[in-house]
Amino acid sequence: AFYNCTSLVKSNISSIAKNSNYSFYECNKLEGSLIIPNTVTSLDVAFKNCYLVSEIKFESGSTITEFPAFKRGTIGNWNKGAFDSTFRGCKSIKSFVIPASVEIIDLSSFYECTSLETIQFEENSKLKRIISRAYDGTNTSYRSPFEDCTSLKTFDASNCKEMLTTG
C-alpha cells in the first residue's frame with residue numbers, strides 16, 4: 001500500500017488490507033502509535049525500517065499466526081541475500097505485546113529493534129516455535145528474531161503454554 005513512501009509521516013491504518021504484506025515497508029518517517037485491525041491476517045515485512053514508529057498494538061481478536069521472514073533472492077530453499085521481516089529495524093519501539101494468535105516468530109522478526117526493552121505474550125498464547133537460526137549450506141547464518149535488540153531486558157513467555165521448539 002505505502003511501499004517505500006519515505007515521506008509518509010502519519011497514517012490511520014484501520015483500513016489496510018487483510019493481507020498487508022509490505023504495507024509500510026521502508027516508510028522511515030512514519031511515526032507514532034499504530035493499531036493493527038483484527039481483520040489483518042498477514043503482515044509479511046509490513047513495517048521494516050519504520051524507524052520512528054514508537055508503538056504497534058493489535059486489536060483484540062487478532063488472527064495473525066506468524067511474524068514471517070521473507071527471503072529475498074531465493075535460490076533453492078535458501079536465501080542468498082538478506083532476510084526481510086515484519087518489524088526489522090523499528091528502532092523506536094520500546095515494548096511489544098505479541099497477540100495470542102501468533103504461532104511462529106521467524107528469523108529477523110525484531111532484528112535491529114534497538115530500543116525494544118520488553119516482549120510479552122497475550123494470555124493463552126498459541127506460540128509453538130521461535131525460529132532462531134537457519135543455514136544455507138555455505139556456512140552463512142541468518143539473523144535470529146531478537147538479534148541486535150540491545151536494550152531487551154524482559155522476555156516474558158509465561159503465557160506460552162504450547163511452545164514446542166526454539167531453534
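User: Hi! Which residues does Phe87 touch, not counting residues up to four places away in sequence?
Analyst: Happy to help. Keep in mind that this is a predicted model. In it, Phe87 touches Leu43, Phe47, Ile56, Phe58, Phe67, Phe96, Ser109, Phe110 and Cys113, leaving aside residues up to four places away in sequence.

User: Nice. And which residues touch the most other members of the largest nonpolar core?
Analyst: Phe87 is in that group, along with Phe47, Phe67, Phe96, Ile105 and Phe110; the core has 33 residues. Strands 1 (31-36), 2 (52-58), 8 (95-98) and 10 (118-121) are the elements that each give two or more residues to this core.

User: Which strand gives the most?
Analyst: That would be strand 2, with 3 residues.

User: Let's switch to the sheet. What is the strand order in the open sheet?
Analyst: The order is 8-10-12, with parallel pairing among the 3 strands. Strand 8 and strand 12 (154-156) each have a single partner strand, so they stand at the edges with one side lacking a neighbour in the sheet. From one strand to the next, the twist averages 10°.

User: How many bridges join strand 10 to strand 12?
Analyst: There are 3, and the two strands run parallel. Gln120 stands opposite Asp156 of strand 12.

User: Last one: where does Lys29 lie, and why does Lys29 count as partly exposed?
Analyst: Lys29 is in the segment before strand 1. It counts as partly exposed because its relative accessibility is 43%, and the cut-offs are under 20% for buried and over 50% for exposed. Beyond residues up to four places away in sequence, Lys29 touches Thr6, Ser7, Leu8, Val9 and Leu52. Lys29 and Val9 are 20 residues apart in sequence, with their C-alpha atoms 5.2 Å apart.

Conventions: Residues numbered from 1 in each chain as written. Predicted model: local features only at pLDDT ≥ 70, side-chain atom pairs only at ≥ 80, totals over all residues. Heavy atoms only, no water. Core = buried A, V, L, I, M, F, W, Y, C linked by side-chain atoms within 4.5 Å. Buried < 20%, exposed > 50% of the residue type's maximum accessible area, 1.4 Å probe, protein only. Helix = DSSP H or I, 4+ residues; strand = E, 2+ residues; numbered from the N terminus. Contact = heavy atoms within 4.5 Å. Pairing = 2+ DSSP bridges. Axes fitted to C-alpha atoms, helices over the stretch in contact; angles between N-to-C directions.
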